[in-house]
Amino acid sequence: MSNERRIWFNGKLRESKDCMVHVASHALHYGSSVFEGIRAYETPDGTMIFRGMDHLERLKYSAAVYRIPVPYSVEELHQACCETVRDSGLASAYIRPLVARGNCGLGVMPKDMSVVDVSIIVSPWGAYLGEEGLRNGIKACITSWQRLAPNTMPPGVKAGGNYLSSQLIGMEARDRGFEEGIGLGSDGLLSEGAGENIFIVQKGRLLTPPASSSILSGLTRETVIILASELGISTQESTISREQLYAADEVFMTGTAAEVTPVRQVDHMTIGNGGCGPVTQVLQDEFFGLFDGRTRDKWSWLEPVR
């Protein structure tokens with residue numbers, strides 16, 4: 001991800017070098033930021049932002065949980081995203097809106113709750129877990145780091161500080177030679193990947209951990225559940241044990257960055273056919289079909305950049 005292009009920062013587009021925050025910014029010291037990852041895709045009808053309004057609604061929700069005031073409406077932020085994508089000249093792009101507490105004084109409790117910086121970065125970004133992984137699957141492992149326990153920090157909020165957990169999970173996986181890590185919850189049951197939701201395919205149906213399993217209920221996750229329903233594939237949200245991963249017919253991960261990525265191995269145990277399974281392939285085709293015209297967008301998920 002590159003941030004060389006102009007950035008929308010506190011109300012207007014600025015050169016990257018001019019988008020500065022103070023070293024005493026609260027978010028740097030205490031992780032008090034919320035953010036979103038949004039993709040814009042090149043389609044036959046031009047560049048489209050995928051579910052941008054839904055992402056920005058979640059951004060406002062995340063900020064509200066941490067009582068971070070957002071000085072712009074969802075509509076204003078959406079217009080700013082469109083403006084920044086247009087300015088970038090990119091047909092396909094990754095969009096990163098960020099709301100962070102600024103230089104409001106040291107101390108865990110902000111001295112001035114109103115000091116906030118808002119930015120939108122737009123950058124090219126390909127397959128998060130690699131093009132090969134997107135086609136043929138990745139190797140993942142269960143790590144020793146667990147996901148956030150209930151009533152410690154809200155895992156359903158996309159906050160900067162939450163991703164310290166994700167970094168530990170991801171770094172341990174890479175140290176052990178895997179492409180991605182999977183975290184269990186404090187109850188020892190499946191939660192999510194370092195930055196992805198997880199599905200298993202069992203006898204033609206989908207199983208995925210519920211919101212109560214310390215997951216971020218992803219919008220790509222929701223999209224896949226809806227697309228699966230359209231295809232007559234049922235989804236059950238239920239707790240999943242570690243060994244159910246090993247016995248699954250297929251496993252795949254979802255996320256704005258990961259899109260729909262098959263998992264071919266978990267803990268060196270081959271899953272299904274050892275590649276992209278048939279159900280995963282169908283769902284992957286339906287998902288990417290939204291952007292090349294094969295899948296009709298009945299839900300108005302595609303928002304034109306005008």
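These exercises walk through a predicted model of one protein.

**Exercise 1. The overall build**

Find how many helices and strands the protein has, and judge how compact it is.

Solution.
- Start with the secondary structure. The protein has eight helices and 17 strands.
- Next, take the radius of gyration, which is 19 Å. The globule rule also gives 19 Å for 306 residues, so the protein is as compact as a globular protein of that length.
- Add the extents. The C-alpha trace spans about 55 × 45 × 30 Å along its principal axes.
- Turn to the contacts with a separation of 6 or more. Of these, 70% join residues 24 or more positions apart.
- Finish with the surface. The accessible area comes to about 13500 Å², and carbon and sulfur atoms hold 51% of it. Buried residues make up 53% of the 306 residues.

**Exercise 2. The largest nonpolar core**

Identify the residues that touch the most other members of the largest nonpolar core, and the element that gives the largest share.

Solution.
- The core has 29 residues. Trp8, Ile49, Leu77, Ile95 and Val99 touch the most other members.
- Now look at the elements that give two or more residues. They are strand E4 (38-43), helix H2 (52-65), helix H3 (74-88), strand E6 (93-101) and strand E7 (116-123).
- H3 gives the largest share, with six residues.
- Zoom in on valine 99. Beyond its neighbours within four places in sequence, valine 99 contacts residues including Val34, Leu59, Ile68, Val70, Val116 and Val118. Ser32, Ser33, Pro69 and Asp117 are also among its contacts.

**Exercise 3. Glutamate 179**

Place glutamate 179 in the chain, then find which residues it contacts.

Solution.
- Glutamate 179 sits in the loop between helix H5 (163-175) and strand E9 (180-184).
- Its relative accessibility is 30%. This lies between the 20% and 50% cut-offs, so glutamate 179 counts as partly exposed.
- Setting aside neighbours within four places in sequence, glutamate 179 contacts Leu129, Ile138, Lys139 and Arg174.
- Look closer at lysine 139. Its backbone nitrogen lies 2.6 Å from a polar side-chain atom of glutamate 179.
- Valine 263 is 84 residues away from glutamate 179 along the chain, yet their C-alpha atoms are separated by 9.8 Å.

**Exercise 4. Threonine 295**

Decide whether threonine 295 is buried or exposed, and list its contacts.

Solution.
- Threonine 295 belongs to the loop between helix H8 (278-292) and strand E17 (302-304).
- Its relative accessible area is 8%. Under 20% means buried, so threonine 295 is buried.
- Not counting residues up to four places away, threonine 295 touches Leu227, Asp285, Glu286, Gly289 and Leu290.

**Exercise 5. Two positive phi angles**

Compare the surroundings of lysine 203 and aspartate 267.

Solution.
- Begin with the background. Most residues other than glycine have a negative phi.
- Lysine 203 has a positive phi of about 55°. Aspartate 267 also has a positive phi of about 55°.
- Lysine 203 lies in the loop between strand E11 (197-202) and strand E12 (205-208). Aspartate 267 lies in the loop between strand E15 (259-266) and strand E16 (269-270).
- Now check the exposure. Lysine 203 is exposed, at 80% relative accessibility, whereas aspartate 267 is buried, at 17%.

**Exercise 6. Cysteines**

State how many disulfides the structure holds, then check the burial of cysteines 141 and 276.

Solution.
- The structure holds zero disulfides.
- Cysteine 141 is buried, at 0% relative accessible area.
- Cysteine 276 also counts as buried, at 15% relative accessibility.

Key: Residues are numbered from 1 along each chain as its sequence is written. Side-chain values use heavy atoms; hydrogens and water are left out. A disulfide is a pair of cysteine sulfur atoms within 2.5 Å. Buried means under 20% relative accessible area, exposed over 50%, partly exposed in between (1.4 Å probe, protein chains only). Helices (H or I, at least four residues) and strands (E, at least two) are DSSP runs, numbered from the N terminus. Contact means heavy atoms within 4.5 Å. A polar contact is a pair of N or O atoms within 3.5 Å; within protein, one must be able to donate a hydrogen and the other to accept it, and residues adjacent in sequence count only if both atoms are side-chain atoms. A nonpolar core is a set of buried Ala, Val, Leu, Ile, Met, Phe, Trp, Tyr and Cys residues joined through side-chain atoms within 4.5 Å. The radius of gyration is taken over C-alpha atoms; the globule rule is 2.2 Å times the number of residues to the power 0.38. Accessible areas come from the Shrake-Rupley method with a 1.4 Å probe; for residues, only the protein chains shown count as cover.
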